[in-house]
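User: I'd like a close look at one part of this model, with enough detail to follow along in a viewer. Take me through the pairing, the packing and any odd backbone spots around it.

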Amino acid sequence: MTETAVYAAGGVVWRIVEGKLRILVIHRTKYRDVTLPKGKVDPGETLAETAVREIREETGIRVSLGVPVGVSRYRMPSSRTKIVHYWAAEATDAAVRTSSFVPNKEVAAIEWVSLKKARKHLSYPVDTEILDEFTRIVDERALPTFPIVVLRHAKARSRDEWDGTDTARPLTPRGRRQSQAIVGPLLAFGVRRIVSSPAERCVRTATPIAQALGQRIVVSAAIGQDAWEEGTADARAVVGERVRARKPVVVVSHGPVLPDIMHELALATGTMRGSYLGSSSALEPAAFSVVHVPVEHPGAGIVAIETHEPQV
């Protein structure tokens with residue numbers, strides 16, 4: 001991030017109404033325009049967290065993020081550049097029913113419209129460009145998607161300074177901070193289940209998100225580093241089960257194991273292999289890659305992969 005740029009995030013919020021796709025646009029009070037929900041990043045917040053928060057603040061609807069649909073850049077009156085990251089975000093019927101929106105000094109109204117009407121009424125070309133990318137994904141029949149999040153454990157004590165077994169190596173103080181810091185970003189993508197290597201550093205990395213969700217951690221030796229070093233790891237079994245489940249999940253493992261997990265995700269979804277597999281698995285401690293898979297047709301291939309680095 002450059003010092004002169006202003007960063008923001010938002011989304012193309014969508015739902016199916018009587019079999020037809022509708023997206024949510026907002027009518028802003030002050031600017032008298034029609035745009036997509038978005039807003040500036042708060043201090044200490046990730047872009048994904050910003051998108052979820054701003055969508056809720058402007059529309060009253062709680063969402064989880066789906067596939068990324070582009071980044072807009074434009075010059076503000078102050079001459080600073082504003083950079084806005086967008087995700088597709090499905091509004092469930094339950095979320096719409098419990099919307100807390102009332103007209104206010106920022107947003108006069110919200111409106112569910114067709115893609116054609118949205119393209120006609122959006123006030124800014126940069127919004128239309130985001131809508132074009134969303135439309136491309138719709139045309140490919142890739143929505144809705146579910147995320148499989150591949151997470152490398154947080155910073156752990158090094159082998160050189162640890163006298164116990166490798167499996168028992170604990171997190172460092174920084175690693176513990178990282179495990180807390182990633183809870184918000186993981187929640188932004190709607191993670192509901194956790195699968196972890198049995199290593200202490202992986203389980204402890206997963207503990208804060210498990211506590212936030214009120215979910216137990218499913219421990220699998222098949223993605224542990226000991227099994228990987230012994231040649232008995234079975235990433236294929238773990239990945240296959242998660243793809244078949246079609247539920248948002250985070251899989252916590254080790255640097256050497258992550259390439260195998262990503263490789264098996266590509267195979268399980270019929271995705272062409274490429275250099276993206278290497279970059280999305282070469283993660284720093286507490287970094288994660290979000291693999292977006294189509295719910296209806298997982299075998300049609302991965303729709304998108306995005307990687308997020310820890311801010312601690």
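Analyst: **The sheet and its surroundings**

Six strands make an open sheet here, running 10-9-11-8-12-13 with mixed pairing; strands and helices are DSSP runs counted from the N terminus (E, at least two residues, and H or I, at least four), and a pair takes at least two DSSP bridges. The edges are strand 10 (217–219) and strand 13, each with a partner on one side only. On average, neighbouring strands are turned by 20° against each other, direction ignored. Axes are fitted to C-alpha atoms (for helices, over the stretch in contact), and angles run from 0 to 180 degrees between N-to-C directions.

A quick caveat: this is a predicted model, with pLDDT of at least 70 needed for local features and 80 or more for side-chain atom pairs, while totals for chains, interfaces and linings use all residues. Numbering starts from 1 along each chain as its sequence is written, and side-chain values use heavy atoms, without hydrogens or water.

Let's park ourselves on strand 12. With strand 8 it pairs in the antiparallel sense over 7 bridges, and Val 150 has Ser 289 of strand 12 as its bridge partner. Strand 12 also pairs with strand 13, again antiparallel, over 5 bridges. There, Val 291 stands opposite Ile 305, and His 292 stands opposite Ala 304.

Next come the helices on the sheet. Helix 7 (residues 200–213) packs on it and touches strand 8, strand 9 (193–196), strand 10 and strand 11 (contact means heavy atoms within 4.5 Å); the helix makes about 170° with the direction of strand 9. Helix 9 packs on the sheet too, touching strands 8, 9 and 11, and its direction is about 150° from that of strand 8.

How many residues of strand 12 are buried? The count is 7 of its 7, where buried is under 20% relative accessible area, exposed is over 50% and partly exposed is in between (1.4 Å probe, protein chains only). Cover comes on both faces: one side carries Phe 288, Val 290, His 292 and Pro 294, and the other carries Ser 289, Val 291 and Val 293.

Strand 12 is also part of what covers helix 10 (residues 258–268). That helix buries Leu 258, Ile 261, Met 262, Glu 264, Leu 265 and Ala 266. A reminder for reading that list: with 3.6 residues a turn, residues three or four places apart in an α-helix point the same way. Besides strand 12 (288–294), the cover over these residues includes strand 8 (145–152), helix 9 (235–245), strand 11 (249–253), helix 11 (275–281) and strand 13 (304–308). Just past helix 10, Gly 270 takes a positive phi of about 65°.

Now for the odd backbone spots. The peptide bond from Leu 143 to Pro 144 is cis, its omega sitting near -5°. Pro 144 belongs to the loop between helix 4 (125–139) and strand 8, so you can find the cis bond on the way into the sheet's strand 8 by following that loop.

Arg 246 has a phi near 55°, which is positive although the residue is not a glycine. You'll find Arg 246 in the loop between helix 9 and strand 11. Is Arg 246 buried or exposed? Neither, quite: Arg 246 is partly exposed, at 37% relative accessibility.
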